[in-house]
Amino acid sequence: MTATIEPEVGKSRRRKEDERLITGRTRWTDNITLPGMLHMAVLRSPFAHAKIVSIDTSAAKNAPGVVAVFTATDLDPDSSIGMPCAWPITPDMKAPRRPVLAADQVNFAGEGVAVVVARSSAEAHDALEEIDVEYDELPVILDMEAAIADGAPLVHEDQGSNTSAVWKFDSAEAGTGSNVEDAISSSEIVVKRRFRQQRLIPAFMEPRACVVDPTGAQTTMWSATQVPHILRVMAALTLGIPEHKLRVIAPDVGGGFGGKIGVLPEEMMSLLVAQKLGKPVKWNESRSETMLAAHHGRDQIQDITISANADGTVTGLKVELLANLGAYNGLVGTGVPILGAFMFNAIYKFPAYHFACTNVYTTTTLTDAYRGAGRPEATFAIERIMDELADELGMDPLELREKNWIKHEEFPFTTVCGLTYDSGNYEAATEKAKQLFDYDGLRAEQERRRASKDKVQLGLGISTFTEMCGLAPSRVLGSLDYGAGGWEHAAIRMLPTGKVEVITGASAHGQGHETAWSQIVADQLGVAFEDIEVIHGDTQSSHKGMDTYGSRSLVVGGIAVVKAAEKVVAKAKPIAAHLLECAEEDLEFAGGKFTVKGTDTSTTMGDVALAVFAAHNLPDGVEPSLDSDATFDPENFSYPHGTHLCAAEVDTETGRVKLRSYVCVDDVGVAVNPLIVEGQVHGGLAQGIAQALFEGTVHDESGTLTTGTFADYLLPSAVDLPSFTTDRTETPSTTNPLGAKGVGEAGTIASTPAVVNAVIDAVRQFGVNDIEMPLTPMRVWHAIRYGTTDAGGPGNEAGGGLGSIDATGGAL
Amino acid sequence: MRITVTVDGTNYTDEVEPRTLLVHYLRERIGKVGTVVGCDTSNCGACTVHLDGHSVKSCSVLAVQADGSEVTTVEGLSRDGQLHPVQKAFHENHALQCGFCTPGMIMQSIDLLADNPDPDEQAVREGLEGNLCRCTGYQNIVRAVRDAAQHMSPGAGPDAERITETKHVGVGGD
Ligand code: FES
Ligand code: FES
């Protein structure tokens, strides 16, 4: 065994995961083929809202290769199975049952109506065409405000309203701050804005899939899921499968971003079908199905009021949201706006805060967690309105932020929402970002371009942010009525040869846990990085866990690994003392070695492991095992932060936006692997910039998703994005032993407002103070031309405005 | 229909339905599951392979069109346990996260380097336009392709046999 001297934590280790991924030896769910395996395909409703009058499956049953066809009545005769929602945000929240297959009524286009099981996937899909469904159309409900107006048609007639729940927080009532109405009425300046968070599609690259094998002693399910542990519990509770009879495996998973957090009706269908037929069944969706039926993200209308004194000191913030749930409650979608509720005050010392959110049902695909889940929406609103306030005050937007942010020496700081930020240094991150960006130089260039009436104008966008990572202290989740805890589990098995197996409940889908966890354990146990194997994503080997979402893996799961390693050392110590014939107190442990203090007599962790294996010579009464496990429940969230600066060039004749430079300095506390941190930031930036500039769903008036493929929904490619300048400051978190804070969502959270602020800054001179996202050339051009927000859908941009390029010259 | 195809150096003769796509033939018939499917509109590039030395999206080619041809997939790139320089560069530059786009990205990158052995950043970005990645933001992919260019001989084509790089690189080390 090699003892590691140089610390592993902090090293830019190349990833262990890569070898299989770059050579094509990956285990994706769709790669799994079992003897006698059948294929399942789902017939989906073309209508957004309709009664199902009849379903005729007789022709499909006789189609080539078809083994069985099921409708709701066949699959769930008692109508007893409803898809779970883990977050009843209020006691009176409406809970319409989401059936596995629609029985009497469909409530969004894409909802499953029947399934075909056939020998091949092609035959199953062919047979879908043979099913004859008669629908009776109901009114389509797409607009949230119309949905909650008096007399509106209802998505679920039996619920009596399209308002699912109203959730409020008020700082005066909570005793965490003063009264917002008083602040607004007594302040020198009040700015009000309405922002829209358009609906986004998470668009992980691997479509969803699952394989169910009911033929063993246990039923085994492979799924392209973020949450194998939660899926197992939920499947057991939903379908009544005894939990010990179900094993869930998330093999290699091709991205998630929150989009694979749901427990899927298709997963439940596959389980039911496989058990009924007694044969392995695979379900593998097409991209078009993913776009239509996998959950969407964002989709909020945000009414924001901010009040301030003339010197720029903010006195109050009032937030009123409408959040579109889609047709049903997702697993955690109901709580997404609530996660955001605690982040609207961001890095600022606001004295008064009021938040109210109305969750609304519409006849659309459901929404649920999407990278950042609630925090990007909140950060967007506050960072946009800070710019608007700065403009009203005639202040530099950066100066306004400095005036209101929590100063370095004020940490720990309890915010108006009652959260205690443990550490942070907004000054340091901002200063570094300004230097890298050449803030002053770019401001000077902006002035020159304005003065010369250049056709390409320059805008500078700022976004500072913080977020709460490490979801979450279980008691906090409990106080928010979330249905589960926020702990994470880890176990360490010391093998006789001194090698180590680490088991983690945080199931990865691209984040590099195998590498980062190896680095952590290498330091903790003094075992070589290469001698450590990390096992995850299988409820049999990793039997406990809360999985990966909300940037929780490292700051909860990674700490569980630390705790388990500490227990290994504690178990090894008396054995090492026995082997060295000294008192335990005389031993010190470092770099994988137990050394008798003041001597060079030592033994290694590997020697102890071998001695435990032999068990010939152990102290009396000592269990021959070094294996340990730990469950870690964080005391507090962690609060990464950062300053993002964007320079955007706007062609005032075409409305086209080009990102000239993008600089961000993130403080994620101690970076276990800076290479992985940088990669996460890059990917996050791409996703946040895409919200600002490219992505957004469009439905036609019949409720059909017209952006239902990668041809219509503009996922940015390499040519659409610039290279980013990323850097870090390091203010360790004080609430966990690694000092880590989490990074998975930072880039996404901060970049959207940075980009939009930059574009608005470029065109503010034309009277523009808002443009709805995504900022397509058509919308930007329209705003420049008319000085107003264009409320048209993203579909509008398809060249329509560009035809009028020539006409715009005069307007400038 | 009966087709004969060489895939990663092995000959296969099979009976296929005329509608069978090359990607499905590769994955389902001969077990080359390293090549994956990400979309149904030929937009994502996840399924990119080389057909007679040039990159194609194997979801937009029929298996019968590959009759008599040579196909290289990501599984056929490394030889004698040695990674292709592009594979190595992806690893060293952290150009992948979930890795789902990676086989297609690597195959497309090799083709783009065959056309332009020393591309600048913009040329790499344009050359990869047909391949989507949701995880990396592309920056490290661009870096990897330019890095690989430095390690490949001028004019080294997509044929892995002609790669001059021979040093074995273990994965997982620094
Ligand atoms: S699967 Fe071939 S391009 Fe997407
Ligand atoms: S690495 Fe995940 S899609 Fe590219």
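Visitor: Which elements of chain A each supply at least two residues of the lining of the second largest cavity?

Guide: Happy to start there, keeping in mind that this is a predicted model. The lining of that cavity is made up of 28 residues. Two elements of chain A each give at least two of them: strand 1 (38-44) and helix 9 (265-277).

Visitor: Where does the largest share of the lining of the second largest cavity come from?

Guide: One of the residues nearest the centre of this cavity is A:P265, and helix 9 covers 265-277. The largest share amounts to 3 residues, and its source is helix 9 of chain A.

Visitor: Which residues lie nearest the centre of the second largest cavity?

Guide: The cavity has a volume of about 220 Å³. From its 28 lining residues, the ones that lie nearest the centre are A:R98, A:V263, A:P265, A:A293 and A:L366.

Visitor: How many residues of each class does the lining of the second largest cavity have?

Guide: Good thing to ask before thinking about chemistry. Charged residues number 6 in this lining, and polar residues also number 6. The nonpolar class has 16.

Visitor: How many cavities of 30 Å³ or more does the structure hold?

Guide: We have been looking at the second largest, with its volume of about 220 Å³. Counting every cavity of 30 Å³ or more, the structure holds 10.

Visitor: Why is A:C469 in no disulfide?

Guide: A disulfide needs two cysteine sulfur atoms within 2.5 Å. A:C469 counts as buried, because its relative accessibility is 0%. Its sulfur is too far from the closest cysteine sulfur for a bond, because that sulfur, in A:C664, is 15 Å away.

Visitor: How far away is the nearest cysteine sulfur from A:C646?

Guide: A:C646 counts as buried, with a relative accessibility of 0%. This cysteine is in no disulfide, and a search of the whole structure finds 0 disulfides over all chains. The nearest cysteine sulfur belongs to A:C664, at a distance of 11 Å.

Visitor: What does the globule rule give for 812 residues, the length of chain A?

Guide: Chain A contains 23 helices and 28 strands. Its radius of gyration is 28 Å, close to the value from the rule, so chain A is as compact as a globular protein of that length. For 812 residues the rule gives 28 Å.

Visitor: What percentage of the residues of chain A count as buried?

Guide: The C-alpha trace spans about 90 × 70 × 50 Å along its principal axes. Among contacts between residues at least 6 apart in sequence, 79% join residues at least 24 apart. Of the 812 residues, the share that count as buried is 66%.

Terms used. Residues numbered from 1 in each chain as written. Chains lettered and ligands numbered in written order. Predicted model: local features only at pLDDT ≥ 70, side-chain atom pairs only at ≥ 80, totals over all residues. Heavy atoms only, no water. 1 Å grid on protein atoms, 1.4 Å probe; cavity = no way out; pocket = protein on both sides within 12 Å on 5 of 7 lines; lining within 4 Å. Points joined across faces, edges and corners; volume = space filled by probe spheres on them. Helix = DSSP H or I, 4+ residues; strand = E, 2+ residues; numbered from the N terminus. Nonpolar A, V, L, I, M, F, W, Y, C, P; charged D, E, K, R; others polar. Buried < 20%, exposed > 50% of the residue type's maximum accessible area, 1.4 Å probe, protein only. Rg over C-alpha atoms; globule rule 2.2 N^0.38 Å. Contact = heavy atoms within 4.5 Å.
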